[in-house]
Every structure is written in structure tokens, then in C-alpha cells.
Amino acid sequence: MIVKIRKNSDLKDIQSLKDHLISEGFEIHESIGKTYSLFGVIGDTTKFDTRSLYAFQCVANVIRVQEPFKKVNRKFISDDSIIDVNGVKIGGDNIVVIAGPCSVESYEQVDIIAKSVKDSGAKILRGGAFKPRTSPYAYQGMGLEGLKILKEVGDKYGMPIISELMSTEYVNEFVKYVDIIQIGARNMQNFALLKELGKLDKPVLLKRGFSNTIEEWLMSAEYIMAGGNQKVILCERGIRTFEPYTRNTLDISTVPIVKKLSHLPVIIDPSHAAGHWDLVESLSMASIAAGADGLMIEVHHEPEKALSDGAQSLKPKKFKELMRKAKIVSQAVNKGI
Ligand code: PEP
Ligand code: MN
């Protein structure tokens with residue numbers, strides 16, 4: 001961390017800043033300039049609130065040079081983390097495709113969709129049973145019954161399942177039924193929930209909040225890992241911008257940035273990013289080419305009748321075509337799908 005000291009500061013204030021930093025276990029390297037002075041502060045700043053230094057009047061600016069996340073950091077684990085979900089590997093040289101409906105609507109619906117996405121090469125089945133809807137009047141999901149349906153169909157086709165957990169209330173049921181717990185964009189900073197997930201031995205797919213920075217997202221992953229659960233998968237699903245042509249703006253740059261900063265796998269959800277089915281294929285290809293570890297795609301056999309997100313859901317035939325092209329792009333980046 002670098003601390004810039006204001007010109008003509010009170011020497012007593014500077015001394016108390018130094019005493020404070022030393023008492024916090026830091027080493028200080030001073031460089032005194034004509035217009036201002038700099039303190040190079042050496043030590044582990046992960047647990048230190050750098051903003052607290054602004055309480056000293058002599059402090060003009062504090063610049064952090066070390067990332068505030070530790071376990072998530074590639075400096076901590078240099079190799080890519082590979083998360084094994086019942087034999088399906090996420091990370092490394094694998095591209096994994098997660099597909100299924102936005103919401104579980106009935107056994108028949110999930111059965112039809114699961115069969116088709118499996119035939120096309122999807123490895124993991126998705127389906128929301130508890131839905132985080134913007135309107136309280138919109139479809140809220142089937143609840144536990146939906147989770148049981150997803151599990152039953154997943155077992156039938158030998159596919160691990162993923163579903164969104166919205167509160168700590170159902171943690172035990174999710175541990176019992178699902179293979180990956182999804183934390184949605186709206187709950188990315190639900191720290192009470194993240195702490196509970198830290199206690200589990202269950203993979204967690206953590207979506208980026210639509211108004212959150214990459215650093216905030218990685219700090220949320222750090223919450224889970226600091227609690228003891230190392231099985232974290234990151235998922236970019238688009239962020240909010242001024243552009244109305246898409247539901248969100250897919251931040252494709254997260255892929256190379258997160259790959260550099262962290263060892264955790266990164267999955268892209270082009271469906272929620274785009275909001276329109278006809279954009280999903282292009283965004284999927286771009287994601288694989290950028291180095292993503294996989295995709296999560298919404299598929300519905302009758303999107304016109306879907307109880308949620310029909311506009312962005314692919315029909316099975318379109319999904320099949322997407323998978324055909326995804327295989328070609330995967331080969332181009334030396335990855336297996
Ligand atoms: C979902 O995957 O169904 C979902 C609600 O996604 P998000 O949290 O990204 O909006
Ligand atoms: Mn959805």
C-alpha cells in the first residue's frame with residue numbers, strides 16, 4: 001500500500017500515523033519529496049481497512065497495491081481449480097455446458113427439455129424452483145416440489161443438477177437434492193447466505209451481481225472460501241448499462257481479467273445477459289473464444305408458454321445448433337466440450 005502525505009502536515013500527526021502502521025504490523029519505507037512525501041507500507045493488507053487511514057489529517061491518498069482477496073487469488077493457487085461435480089469437471093481444459101429451463105414448471109416440461117439438451121451434449125441440468133422475480137406478482141417457482149422434480153429428471157438422464165438458493169432457510173434441502181447451489185445476481189452480496197455456503201462441502205455457482213464490480217464479486221467468492229468451502233464457480237451474467245437493446249450488457253472482459261486474478265473457473269450465462277434468444281449463440285461463441293470454462297443456457301421446448309424468461313430461451317433445435325458450433329470454437333481454443 002502507498003500512502004501519500006499532505007504537504008506541510010503536522011509532524012505529530014505524521015508520527016501518530018507511523019506509530020499506528022507499525023502497531024498494525026507494517027514496515028514503512030519513506031520517500032520524502034519536495035512537494036509531498038510517500039510511505040511505502042509493506043505487509044499483508046488483506047485484513048486491513050485502507051480507508052481507515054483517511055482519519056489521519058496528514059493522509060492525502062491511499063493506494064492499495066495488493067488485492068484484498070486471498071484464497072480466490074491466483075497468487076495463492078497458481079493452477080486452474082477444477083471442480084468435480086459427480087464426474088463432470090468444471091475448469092482446466094474442459095468446456096462444460098449447463099442447460100435447462102429458467103423455471104421448473106412440471107415434470108413433463110423438465111423431462112422433455114432435459115432429454116433434448118442431454119442429446120445435444122449438455123452435461124448439467126439447470127432449473128429454478130425458487131425464483132427471484134422483480135415483481136411479487138410474477139411466477140415465484142414451484143418451491144421444494146420443483147427441486148424434487150429436477151432431481152428426479154437429473155437422475156433419470158444421469159445429469160448433475162443446479163438450482164438457485166435464495167435464503168438460508170432451505171440450505172439443508174439444497175444440500176440433499178442439488179449438485180451445485182446457484183447464488184443469483186441479486187444475492188451476490190447476501191453475506192449471511194455466503195457464510196452458510198462456506199460451511200458446506202458442495203459446489204457453489206456464484207453469479208455476478210448486475211451492479212457489482214469484479215473485485216466485489218471476487219470478495220463474495222472469498223466469503224465462501226474463507227469459510228472453508230473451496231468449490232466455487234464464478235458466473236458472469238451481464239451487468240446493467242445504459243444500453244436498452246439487451247437486457248444486460250455481457251461483460252466479456254471479465255473472462256481474461258478474472259482468469260488473471262483468480263484460479264476459479266468462470267462460466268458465462270449469455271441468456272440473462274442478452275435477454276433475447278437470437279443473441280445467445282453469438283455471445284456463447286464469444287465466451288468460449290475468450291477463454292470461459294463453460295456456458296449456462298436457458299432452453300425451453302415451448303418458450304412462448306414459458307412461465308419465466310421465454311424471450312431468452314432457446315428451442316431445443318437452436319440449442320443443438322449452438323452446441324455444434326460451440327464444439328468447433330472449443331477445438332480452436334484447445335479445449336474439450
Ligand atoms: C437464473 O439463472 O434463473 C437467474 C435468475 O439468474 P440471475 O440471478 O443471473 O438473474
Ligand atoms: Mn431466467
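**Contacts, burial, sheet and metal site**

Q: Which residues does Ala 274 touch, leaving out those up to four places away in sequence?
A: Thr 246, Arg 247, Leu 279 and Leu 283. Contact means heavy atoms within 4.5 Å.

Q: What kind of model is this, and how is it numbered?
A: It is a predicted model, where local features need pLDDT of at least 70, side-chain atom pairs count only at pLDDT 80 or more, and totals for chains, interfaces and linings use all residues; side-chain values use heavy atoms, without hydrogens or water. Residues are numbered from 1 along each chain as its sequence is written, while chains are lettered from A and ligands numbered from 1 in the order in which they are written.

Q: Why is Ala 274 called buried?
A: Its relative accessibility is 0%. Buried means under 20% relative accessible area, exposed over 50%, and partly exposed in between, with a 1.4 Å probe and protein chains only. Ala 274 therefore counts as buried. Its place is in helix α8 (residues 270-274). From Ala 129 it is 145 residues away in sequence and 22 Å away in space, C-alpha to C-alpha.

Q: What makes Asp 19 partly exposed?
A: A relative accessible area of 43% falls between the two cut-offs, so Asp 19 is partly exposed. Asp 19 sits in helix α1. Helices (H or I, at least four residues) and strands (E, at least two) are DSSP runs, numbered from the N terminus.

Q: How do you know that β1 pairs with β3?
A: Four bridges join β1 (residues 2-5) to β3 (residues 37-42). Pairing requires at least two bridges found by DSSP, so the two strands pair. They run antiparallel. Ile 5 has Ser 37 as its bridge partner in β3, and Lys 4 has Leu 38.

Q: What joins β1 to β4?
A: Four bridges, in the antiparallel sense. Val 3 has Val 62 as its bridge partner in β4.

Q: In what order do the four strands of the open sheet stand?
A: The order is β2-β3-β1-β4, with antiparallel pairing. β2 (27-32) and β4 (59-63) each have a single partner strand, so they are the edges, and one side of each lacks a neighbour in the sheet. Neighbouring strands are turned by 20° on average, direction ignored. Helix α1 (residues 11-23) packs on the sheet, touching β1, β2, β3 and β4, and its direction makes about 10° with that of β3. Axes are lines fitted to C-alpha atoms, for helices over the stretch in contact; angles run from 0 to 180 degrees between N-to-C directions.

Q: Which side chains of β1 are buried?
A: Val 3 and Ile 5, which point to one face. Ile 2 and Lys 4 point to the other and are not buried.

Q: What makes Cys 102 (SG), His 272 (NE2), Glu 298 (OE) and Asp 309 (OD) donors of the manganese ion (ligand 2)?
A: They lie 2.0 to 2.4 Å from it. Donors are N, O and S atoms within 2.8 Å of the metal (3.2 Å for Na, K and Ca), so these four qualify. Water is not among the atoms, so sites may look incomplete. The donors follow the spacing C-x169-H-x25-E-x10-D. Cys 102, in the loop between β7 (96-100) and α2 (107-120), is 196 residues from Glu 298 in strand β14 (residues 294-298).

Q: Are Cys 102 and Glu 298 buried or exposed?
A: Cys 102 is buried, at 2% relative accessible area. Glu 298 is buried too, at 1%.
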